[in-house]
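Please examine the sequence and the three-dimensional structure shown here. The explanation that follows leads through its elements in turn.

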Amino acid sequence: MTAAVEFAPWTDPTETPLIRFERVVKRFGDFTAIEPLNLSIYRKEFFALLGPSGCGKTTLMRMLAGFEAPSEGTITIGGRDMAGIPPNKREVNMMFQSYALFPHLSVWDNIAFGLKRGDMSKEEIAARVDDMLRLTRLDRFAKRKPHQISGGQKQRVALARALAKAPKLLLLDEPLGALDKKLRQDTQFELMDIQEKTETTFVIVTHDQEEAMTVASRVAVMDNGKIVQVDTPPKIYETPNSTYVADFIGDVNLLHGRAEIRADGLASLAWAEGATPIKGTAGEGLQGGEASFVIRPEKVTITASKPKDRTNVVKGKILDIAYLGNLSTYHVELPGGQVLKAQTANNRRLSRRDFTWEDEVYLSWTDTAGLVLAR
Amino acid sequence: MNFARRTLIGIPYIWLLLLFLVPFGIIFKISLSDYAVSIPPYTPTLDLAQGWAGLRDFLSQLDFENYIWLSEDDLYWKAYLSSVKIACISTLLTLLVGFPVAYGMAKSAPEWRPMLMMLIILPFWTSFLIRVYAWIGILSNEGFLNQFLLWTGVISDPLQIMNTSTAVYIGIVYTYLPFMILPIYATLERLDGSLLEAAIDLGCSRTKAFWLVTVPLSRAGVIAGCFLVFIPALGEIVIPSLLGGSGTLMIGKVLWEEFFSNRDWPVASAVAIILLLLLVVPIMLFQRNQEKAQEAEG
């Protein structure tokens with residue numbers, strides 16, 4: 001990171017958001033797809049709507065595009081109320097999950113399609129399309145039809161077509177879902193580059209948490225028509241506000257018990273009879289009572305002998321080892337039957353691995369590594 | 001290639017040979033013969049008992065006289081032209097009626113589609129001849145249509161629809177409508193709805209999106225439907241005979257009269273051969289359209 005000012009308009013109270021959802025509700029018949037919801041998205045943000053299928057993230061996006069109208073509440077884009085404005089009159093473009101490339105038109109004509117609907121001259125259109133082709137490295141494919149190019153190229157055509165009209169807001173519906181893993185990872189960085197170059201506001205819908213974490217400036221985690229948490233990727237990962245978010249993003253260990261707030265500000269959780277209560281950072285709004293302790297596997301240290309410098313230590317037996325190449329995850333069974341996962345980086349060769357199945361080991365973590373969240 | 005494979009591939013060829021090529025050869029031979037008052041009503045006939053001399057004698061008597069006759073009598077080329085005209089116009093009319101129907105079917109709720117499809121196919125359960133006869137009951141001067149219009153007071157005298165080309169158009173459009181609707185419906189139903197949303201998202205109105213996306217993408221179905229209507233309509237005989245009266249000149253009717261009224265098999269065969277040649281062109285174009293459509297999908 002350079003010394004550039006951190007991009008965080010959401011922390012600046014003087015900044016006006018580009019998009020504002022105010023008490024927006026969407027119902028389909030008896031089914032409520034979106035519960036009353038408020039959300040602000042700022043200019044130049046790369047905003048991710050993340051959630052399992054059916055959580056309402058696509059509905060939210062379709063309301064921005066204008067394909068669905070909210071049942072209640074207002075959506076404003078750039079200060080303008082969007083009620084009653086059809087999709088073709090909005091400065092919003094969408095990249096469809098299926099790409100929706102016109103099969104009867106060449107790559108060039110697909111990209112020019114939106115431009116031809118405006119009042120641009122032929123020369124201006126040609127220049128703009130060529131810019132877009134260069135931006136997405138498609139120069140060589142301009143004359144091909146969609147069925148003559150690969151999946152990754154189709155994805156780039158769809159992106160170029162949606163960006164051609166220089167929209168205020170670009171919506172991306174699972175843009176990388178159809179690509180294989182390796183290509184997807186490369187494309188994520190390409191997408192970030194293009195977003196930065198064009199300075200367009202991007203809203204991406206995805207169910208892939210890794211994708212959301214990689215590309216987004218902020219992530220909104222959704223569940224059942226509600227936004228559970230909106231925050232930057234590190235904050236979502238390190239300080240989830242609920243066990244749902246903790247569980248949805250990445251791998252997590254959960255221990256249930258009764259919490260108490262300690263004098264030093266930390267929380268302790270009595271999780272098993274006769275065991276020393278474990279300590280962790282108190283989650284937002286924790287009052288004590290029924291709670292869950294949440295800790296990421298990579299923050300759990302696994303040792304053969306009891307570590308002396310840590311207060312959170314539990315003993316267990318190795319149940320399973322998942323070898324992932326760069327990492328190994330140990331599944332350790334505690335005396336009470338709970339299973340905790342501990343992850344270590346494989347800095348050394350496998351032949352010199354320290355632990356094997358059925359080994360008695362100690363798991364430990366620092367006082368602030370885990371979170372205690374109200375249930 | 002083993003025997004089983006040869007047999008399997010051979011079956012359709014034998015089928016085509018027996019049911020298309022051999023009859024075509026027979027008709028072509030008759031078209032080169034002369035009219036005769038005998039059974040069968042033409043000469044020469046091949047007498048195999050006379051051997052090579054008989055065959056040579058038989059071949060020497062064949063000539064293109066009937067084809068020359070067809071080009072000299074203007075009845076025939078007028079009938080061909082009129083048939084092409086009627087087939088073209090009725091294909092266009094069928095398209096104008098069929099496309100909206102197919103579009104409506106493709107846009108209807110999925111649970112309704114099998115039912116609508118059934119309604120399109122249902123008329124085939126009744127004989128084609130009976131259905132054309134039924135139109136006489138509707139279109140004649142005392143028919144349901146005229147009675148209804150007289151009753152509502154729209155007209156004071158019955159409209160003369162029967163025995164005009166209007167009745168022929170109505171008959172052809174009615175009969176061949178399913179052949180237009182089904183291929184168009186097939187392409188429209190497969191049309192990805194997100195393509196239309198993408199067009200609207202990029203600034204099209206709904207009408208513009210229809211012309212720029214729906215119409216070009218249903219082209220293969222429209223072309224297929226047009227051929228499926230045009231080809232049989234060109235040689236149509238029952239509809240012009242029953243509904244068109246004596247005023248409508250169509251080649252199918254001429255053919256019928258040559259065969260059954262004049263009993264002039266040689267001339268009738270010549271008419272049929274020319275009709276076949278006229279149809280080969282659109283049939284080949286139809287084949288190419290189908291192949292292209294398959295390529296575009298693959």
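In this predicted model, helix 1 of chain A lies across strand 3 (46-50), strand 6, strand 7 (169-173), strand 8 (201-206) and strand 9 of the same chain. Relative to strand 7 of chain A, helix 1 runs at about 150 degrees. Helix 4 of chain A, residues 151-163, also packs on the sheet, where it touches strand 6, strand 7 and strand 8 of chain A. The direction of helix 4 makes about 175 degrees with that of strand 6 of chain A.

The sheet beneath these helices requires a description of its own. In chain A, six strands form an open sheet with the order 6-7-8-3-9-10, and their pairing is mixed. Strand 6 and strand 10 (226-231) of chain A stand at the edges; each has a single partner strand, so one side of each is left without a neighbour in the sheet. On average, and with direction ignored, neighbouring strands of this sheet are turned by 20 degrees against each other. In general, the strands of a sheet pair through backbone hydrogen bonds, in either a parallel or an antiparallel sense. At one end of the strand order, strand 9 (residues 218-223) and strand 10 of chain A pair in the antiparallel sense over five bridges. Within this pairing, A:Ala220 stands opposite A:Val230 of strand 10 of chain A.

Helix 1 of chain A leads to another sheet, for this helix also lies across strand 1 (19-28), strand 2 and strand 4 of chain A. Its course makes about 115 degrees with strand 1 of chain A. These three strands belong to an open sheet of four strands in chain A, ordered 2-1-4-5, in which the pairing is antiparallel. Strand 2 (31-41) and strand 5 (80-81) of chain A are the edge strands, and each pairs on one side only. Strand 4 of chain A, residues 72-77, is joined to strand 5 of chain A by two bridges in the antiparallel sense. The bridge partner of A:Thr76 in strand 5 of chain A is A:Asp81.

A salt bridge also involves strand 1 of this sheet. The side chains of A:Glu68 and A:Lys26 meet in a salt bridge with an N to O distance of 3.9 Å. A:Glu68 lies in the loop between helix 1 and strand 4 of chain A, whereas A:Lys26 lies in strand 1 of chain A, so the pair ties together parts that are 42 residues apart in sequence. Over all chains, the count comes to 21 salt bridges.

Further along chain A, strand 11 (residues 253-261) has two antiparallel pairings to consider. Seven bridges join strand 11 to strand 14 (residues 289-295) of chain A, and A:Gly257 has A:Ala291 as its bridge partner in strand 14. Four bridges join strand 11 to strand 12 (residues 267-270) of chain A, where the bridge partner of A:Glu260 is A:Ser268. The hairpin of strand 11 and strand 12 of chain A has five residues between the strands, and in this hairpin A:Gly265 takes a positive phi near 95 degrees.

Attention now turns to the interface between the chains. Here 21 residues of chain A are in contact with 18 residues of chain B. The area buried between chain A and chain B is about 1700 Å², and carbon and sulfur atoms give 64% of it. A:Asn88, A:His104 and A:Arg117 supply 29% of the area that chain A buries against chain B, more than any other three residues. Between the two chains the count is one salt bridge; the side chains of B:Glu197 and A:Arg62 meet in a salt bridge at 2.7 Å, N to O. The count of residue pairs in polar contact between chain A and chain B is seven. Helix 1 (57-65), strand 6 (92-95) and helix 2 (107-116) of chain A each supply at least two residues of the side that touches chain B. Strand 6 of chain A gives the largest share of that side, three residues. By class, the side of chain A that touches chain B has eleven nonpolar, six polar and four charged residues.

Within chain B, B:Thr164 lies in the loop between helix 7 (144-152) and helix 8 (165-190). Not counting residues up to four places away in sequence, B:Thr164 touches B:Leu243, B:Gly244 and B:Thr248. A polar atom of the side chain of B:Thr164 lies 2.5 Å from the backbone oxygen of B:Ile161.

Methods
Residues are numbered from 1 along each chain as its sequence is written. Chains are lettered from A and ligands numbered from 1 in the order in which they are written. This is a predicted model: local features need pLDDT of at least 70, side-chain atom pairs count only at pLDDT 80 or more; totals for chains, interfaces and linings use all residues. Side-chain values use heavy atoms; hydrogens and water are left out. Contact means heavy atoms within 4.5 Å. Buried area is the accessible area (1.4 Å probe) that two parts lose on being put together, summed over both. A salt bridge is a side-chain nitrogen of Lys or Arg within 4 Å of a carboxyl oxygen of Asp or Glu. A polar contact is a pair of N or O atoms within 3.5 Å; within protein, one must be able to donate a hydrogen and the other to accept it, and residues adjacent in sequence count only if both atoms are side-chain atoms. Ala, Val, Leu, Ile, Met, Phe, Trp, Tyr, Cys and Pro count as nonpolar, Asp, Glu, Lys and Arg as charged, and the others, Gly among them, as polar. Two strands pair if DSSP finds at least two bridges between them. Axes are lines fitted to C-alpha atoms, for helices over the stretch in contact, and angles run from 0 to 180 degrees between N-to-C directions.
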